[in-house]
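Hi,

Here is the structure I said I would pass on. Have a look at it first, and my notes on what turned up follow below.

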Amino acid sequence: MIDDLPPLREVVARHGLDAKKTLGQNFLFDLNLTSRIARAAGPFADTVVIEIGPGPGGLTRALLAQGAHVVAIERDQRCLPALAEIAAHYPGRLTIIEGDALEIDAAALARQHCASGASEPARARICANLPYNVATALLTRWIEAEPWPSIFDRYVLMFQKEVALRIVATPANRADYGRLAVLCGWRTRARILFDVSPAAFTPPPKVTSSVVELVPNSAPLACNPQALSRVTQAAFGQRRKMLRQSLKSLGVDVSALLSGAAIEETKRAEEVDVAGFVALARRLEKLGG
Ligand code: SAM
């Protein structure tokens, strides 16, 4: 028991919250597990947590029970009455926003809830069991945000394990190393905290999930995120080809680009580390690409 609210299965049955696949709905009912995820994101003194997709509110309840202020964005209207019951149980601590997280500026939202008065939270964090269909789009948006570091001091997020491996990969993990790893490796220190078996969810997904922690680097190598995105898109878009070939689509002098970044023309994308991609992105901007 983490609170006096009814069991989640009862809440789901009472509000008719049959899981919808189109919304990536795989709910967690095990309060031990939701508490473990919340603990990984804590401690929460003076902290507002933005949660994406609270659904019936399992993780939300764990975050609140551990002292967080929570601002939860949920797209499925059917979940709102169940979430309103939780908000009533924690007066002034849970704000529910109905909407599509892809259309909401999470940092602006966090700023609204941070430090506008002495009683307001001073820190902001994102914690979520993300809907899998929009998980990488959301993460990319948060990590490409300007200015950096953003308002968030940490991101504790559940992904499909396959995506988690792509987030934390280095050139040593060739199959998983790609655009996501370069972006996350540039601006954060990312690690997998623990795996969660499909059996923990209702309904169970086909694959294992992982909880990932991303801690922002306060001073990442200077680089324009758009330029980095263009370089990694070109390089990994043809990852089996040598860079002298794959980078041609950037429309600049590829030899000058590679030599300016001190990278051999015969290298492939998966052999270039984050610092190498940052050097390429900086050179691309200099070359006017
Ligand atoms: N947090 C709950 C849990 O752990 O049991 C539910 C997690 S479930 C994997 C993902 C949740 O995200 C669902 O409640 C779904 O309705 C919601 N969702 C899906 N797409 C969304 C979007 N674009 N914006 C906000 N919420 C979304």
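How far from a nitrogen atom of the ligand does a backbone N or O atom of Ala 101 lie? The distance is 2.9 Å. Bear in mind that this is a predicted model, so every number here is computed from it.

The protein covers 99% of the ligand's accessible area, which is 600 Å² for the ligand on its own. Two other contacts also go to ligand nitrogen: a backbone N or O atom of Arg 75 is 3.4 Å from a nitrogen atom of the ligand, and for Glu 51 a polar side-chain atom sits 3.5 Å from one.

As for the surroundings, the ligand has 20 residues around it, and those that come nearest are Leu 28, Gly 53, Glu 74, Asp 100 and Asn 129. By class, that shell has eight nonpolar, seven polar and five charged residues. Strand 1 (27-28) and strand 3 (69-74) each put at least two residues into the shell. The space the ligand takes up is the largest pocket.

Then there is the cavity side. The count gives one cavity of 30 Å³ or more, and the volume of the largest cavity is about 40 Å³. Its lining includes Leu 5, Pro 6, Val 11, Pro 56 and Arg 61. Seven of the lining residues are nonpolar and two are charged, with no polar ones. Helix 1 (8-14) and helix 4 (80-89) each supply at least two residues of that lining, and helix 4 has the largest share, with three.

Cheers

Key:
Residues numbered from 1 in each chain as written. Predicted model: local features only at pLDDT ≥ 70, side-chain atom pairs only at ≥ 80, totals over all residues. Heavy atoms only, no water. 1 Å grid on protein atoms, 1.4 Å probe; cavity = no way out; pocket = protein on both sides within 12 Å on 5 of 7 lines; lining within 4 Å. Points joined across faces, edges and corners; volume = space filled by probe spheres on them. Helix = DSSP H or I, 4+ residues; strand = E, 2+ residues; numbered from the N terminus. Nonpolar A, V, L, I, M, F, W, Y, C, P; charged D, E, K, R; others polar. Near = heavy atom within 4 Å. Polar contact = N/O pair within 3.5 Å; in protein donor to acceptor, adjacent residues only side chain to side chain. Areas by Shrake-Rupley, 256 points an atom, 1.4 Å probe, with all protein chains shown as cover. Sits in = over half its atoms within 2 Å of the grid points.
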